[in-house]
Amino acid sequence: MTEENKAVEKEEQEQEVQPVLQIQRIYIKDVSFEAPNLPHIFQQDWAPKLGFDLSTEAKQVGDDLYEVCLNISVETTMEGTGDVAFICEVKQAGVFTISGLEDMQMAHCLTSQCPSMLFPYARELISSLVNRGTFPALNLSPVNFDALFMDYLQRQEQQAEQNTEEENKEVH
């Protein structure tokens with residue numbers, strides 16, 4: 001009987017340690033599309049210059065519940081005149097159940113894995129908005145959120161090293 005209890009305890013411990021990442025809901029938190037120079041912009045040769053900005057936000061909204069928001073801004077200007085063709089801003093968000101992760105794993109999940117799940121939704125929305133503005137198709141390239149996370153970690157490490165070097169110089 002004690003062997004059965006030990007087996008049950010071991011099974012319960014293994015279940016507690018299992019990491020969990022589940023999508024609860026995906027939604028549009030905010031969207032904006034502006035084409036301030038229509039119809040004038042269509043009288044120019046189409047020579048766009050694309051500006052792209054991407055960021056993420058994450059906050060805990062409950063026990064093991066996190067809201068992650070992927071913010072994408074696309075601004076297209078005409079190379080010759082500098083006229084703005086369109087500005088498209090999307091905040092694609094989701095609520096995720098996340099548990100059983102250590103601090104670094106949680107940071108990776110919130111800044112890489114969750115945004116990777118949200119990006120296809122945001123990309124499709126941006127493409128649709130640009131299409132509805134009757135502009136040529138805009139298909140954003142995939143984003144490697146893992147590489148962005150690793151770059152962020154390297155910058156944090158370099159900043160910490162610089163701070164340590166500056167503190168050592170001040171002491172001597």
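This structure holds zero disulfides by the distance rule used here. The model is a predicted one. What does the rule ask for? A disulfide is a pair of cysteine sulfur atoms within 2.5 Å. Now look at C109. The cysteine sulfur closest to the sulfur of C109 belongs to C114, and the gap is 4.1 Å. That is too far for a bond.

How accessible is C109? Its relative accessibility is 1%, so C109 counts as buried. C69 is buried too, with a relative accessible area of 4%. The cut-off for buried is under 20%.

C69 leads us to strand 3, which spans residues 65–78. How many of the 14 residues of strand 3 are buried? The count is eleven. Strand 3 is therefore largely enclosed by the rest of the structure.

Next, look at the partners of strand 3. On one side of the pairing list is strand 2, residues 48–62. Strand 2 and strand 3 run antiparallel, and 14 bridges join them. Find Q60 and follow the bridge across: its partner in strand 3 is Y66. The two strands form a hairpin with two residues between them. D64 sits in that turn and has a positive phi of about 60°.

Strand 3 also pairs with strand 4, residues 84–99. Here 13 bridges join the strands, and the direction is again antiparallel. One of the pairs to find is E75 with its bridge partner I87 in strand 4. This hairpin has five residues between the strands. In it, G82 takes a positive phi near 80°.

Now turn from strands to empty space. Rolling a probe the size of a water molecule over the atoms shows where such space is left. The largest pocket in this model holds about 230 Å³. Which residues line the largest pocket? They are L54, S55, T56, T111, F145, L148, F149, D151, Y152 and R155. Two elements give two or more residues to this lining: strand 2 and helix 3, which covers 145–171. Helix 3 gives the most, with six residues.

What classes of residue make up the lining? Five are nonpolar, three are polar and two are charged.

Strand 2 links the two parts of this tour. It is joined to strand 3 by bridges, and it also gives residues to the lining of the largest pocket.

Key:
Residues are numbered from 1 along each chain as its sequence is written. This is a predicted model: local features need pLDDT of at least 70, side-chain atom pairs count only at pLDDT 80 or more; totals for chains, interfaces and linings use all residues. Side-chain values use heavy atoms; hydrogens and water are left out. Buried means under 20% relative accessible area, exposed over 50%, partly exposed in between (1.4 Å probe, protein chains only). On a 1 Å grid over the protein atoms alone, a cavity is a set of points where a 1.4 Å probe fits but cannot get out, and a pocket is an open set with protein on both sides within 12 Å along at least five of seven lines; lining residues have an atom within 4 Å of a point. Grid points are joined across faces, edges and corners, and a volume is the space filled by probe spheres set on the points. Helices (H or I, at least four residues) and strands (E, at least two) are DSSP runs, numbered from the N terminus. Ala, Val, Leu, Ile, Met, Phe, Trp, Tyr, Cys and Pro count as nonpolar, Asp, Glu, Lys and Arg as charged, and the others, Gly among them, as polar. Two strands pair if DSSP finds at least two bridges between them.
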